[in-house]
Amino acid sequence: MSVQPEMTDRTARRVHPELVPAFASLPRLPDPYADIEATRQEFHEMLASFPADRTGVCSERSGIPRADGSVLTVEVYRPEGAVGAVPEEGANGAAPGSGGDVLPAVLHFHGGGFALGRSLPGQDRVALELCRELPAVVLTVEYRLAPEHRYPAGVEDCYLALEWAAGRAAELGIDPGRIAVAGKSAGGGLSAAVALMARDRGGPALAFQSLCVPDLDDRVGADEVADAEGAGEARVLDGRGVQTSWKHYLPEGTATAEAYAAPARATELSGLPPAHVLVCDLDPMRDAGLAYARRLMDAGVPVTVRNVPGAWHGFELYAADTGVAKEMAAHWTGQLRASLYPTSPAVV
């Protein structure tokens, strides 16, 4: 299939052949912050028009009190019939789907540039799929969003949810020794930050951190912003878009981000849980993700890494039925399953 005439930039020439049609049809990306409430409303209307498949899964919402008296909402997704399971001796590492055992847990932090991406109640597609396929108890966290609530509001919410889940493991039917954090994009960055916080604060032990196309470094794209040449609307996320997100997430006037905001800024990575880092070839955050994975390895943390060739950030939203997207999803899920069910067959 030939590349359309307008696809002449460097990115277009590197697109995976299977993804060329999707890339060619991409619209120009508007500025989501021009009217963030309208952007969120459009997102929710889109979700409402395609209800998620809740087959085999039940969920309930809970409120976690914050120190200031406000409430953090989490939704707990469980496989049907798994509520309140009682563990048997030696249950850790039991084969997926075995009855009578508590389940591992995944705290899923949604993406969306720290500013949007929250699913409708009971409709988080990632949580539903992980709940069924791992299986696991999956908690989605409605962390406070920028720019109304800048760092550290969102990440503190995510850490609070981890403490809450670990403290109620028996009630939730969770194995406290098999808790993972996972997320894509901003959610991947939040997952890495929560892992750092848990280590530094002596908090709940994490079994795994799953970082999918993670947003880890506030310096990504700084050179592009400094160079006025070539400015304009992009069709895929570029460095300018990454910088716009950080501009609205970090407190105004921030010169150097803290490590809990941008984990790539952390100076010490030893003692963190095993990690999986998945990046996309054409993502401006790719190199920061790979660099973080390498630093984790150098610090003695077990790490697996996967790069999706010829794919851009969020490509699966536009090319969900392609083999590239399905392989990425299967690999990401497989890595989580292998970490939470260590006696299961190895993932390739």
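Colleague: Which residues does serine 270 touch, not counting residues up to four places away in sequence?
Modeller: In this predicted model, serine 270 lies in the loop between α9 and β7. The C-alpha atoms of serine 270 and arginine 199 are separated by 9.4 Å, with their positions 71 residues apart along the chain. Leaving out residues up to four places away in sequence, serine 270 touches Arg199 and Ala299.

Colleague: Is serine 270 buried, partly exposed or exposed?
Modeller: Let's use the relative accessible area, where buried means under 20% and exposed means over 50%. Serine 270 has a value of 30%, so the residue counts as partly exposed.

Colleague: How are the rings of tyrosine 151 and tyrosine 249 arranged?
Modeller: Their ring centres are 6.1 Å apart, and their planes meet at 65°. Planes over 60 degrees apart count as edge-to-face. The angle here passes that cut-off, so the pair is edge-to-face.

Colleague: How many residues apart are tyrosine 151 and tyrosine 249?
Modeller: Tyrosine 151 is in the loop between β4 (137-141) and α5 (153-167), while tyrosine 249 belongs to helix α9 (residues 239-249). Both tyrosines are buried. The pair links distant parts of the chain, 98 residues apart.

Colleague: Which residues do ring pairs link into a cluster with Tyr151 and Tyr249?
Modeller: The structure holds 6 aromatic pairs. Tyrosine 249 also touches Phe114, Tyr151 and Leu190, among others. Through ring pairs, the cluster joins Tyr151 and Tyr249 with Phe114 and Trp246.

Colleague: Which ring does the charged end of arginine 201 sit over?
Modeller: A charge sits over a ring only within 6 Å of the ring centre, along with a limit on the angle. The charged end of arginine 201 is 5.0 Å from the centre of its ring, which belongs to tyrosine 159.

Colleague: And what lies over the face of tryptophan 332?
Modeller: Tryptophan 332 is one of the buried residues of α11. At 5.5 Å from the ring centre, the residue over its face is lysine 184.

Colleague: What span should helix α11 have, at 1.5 Å a residue?
Modeller: Helix α11 (residues 323-340) has 18 residues. Its end C-alpha atoms are 26 Å apart, which agrees with the expected span of 26 Å.

Colleague: Which strands are included in what covers the buried residues of α11?
Modeller: The buried residues of α11 include Val324, Met328, Trp332 and Leu336. An α-helix has 3.6 residues a turn, so residues three or four places apart point the same way. The cover includes helix α4 (125-133), and its strands include β3 (103-109), β5 (174-184), β6 (208-212), β7 (275-280) and β8 (303-308).

Colleague: Why does cysteine 212 not form a bond with cysteine 280?
Modeller: Both are buried, as cysteine 212 has 1% relative accessibility and cysteine 280 has a relative accessible area of 1%. A disulfide needs sulfur atoms within 2.5 Å. The closest cysteine sulfur to that of cysteine 212 is in cysteine 280, too far for a bond at 6.9 Å.

Colleague: How many disulfides does a search of the whole structure find?
Modeller: Seen from cysteine 280, the closest cysteine sulfur is that of cysteine 212, which is too far for a bond. The search of the whole structure gives a count of 0.

Colleague: Which helix gives the largest share of the largest nonpolar core?
Modeller: This core has 102 residues, and those with the most contacts inside it are Leu139, Tyr249, Trp312, Phe315 and Leu336. The largest share, 9 residues, comes from helix α7 (residues 186-200).

Methods: Residues are numbered from 1 along each chain as its sequence is written. This is a predicted model: local features need pLDDT of at least 70, side-chain atom pairs count only at pLDDT 80 or more; totals for chains, interfaces and linings use all residues. Side-chain values use heavy atoms; hydrogens and water are left out. Rings of Phe, Tyr and Trp (its six-membered ring) pair if their centres lie within 6.5 Å; planes under 30 degrees apart count as stacked, over 60 as edge-to-face and the rest as tilted. Helices (H or I, at least four residues) and strands (E, at least two) are DSSP runs, numbered from the N terminus. Buried means under 20% relative accessible area, exposed over 50%, partly exposed in between (1.4 Å probe, protein chains only). A charge sits over a ring if NZ of Lys or CZ of Arg is within 6 Å of the ring centre and within 35 degrees of the ring normal. The expected span of a helix is 1.5 Å times one less than its number of residues. Contact means heavy atoms within 4.5 Å. A nonpolar core is a set of buried Ala, Val, Leu, Ile, Met, Phe, Trp, Tyr and Cys residues joined through side-chain atoms within 4.5 Å.
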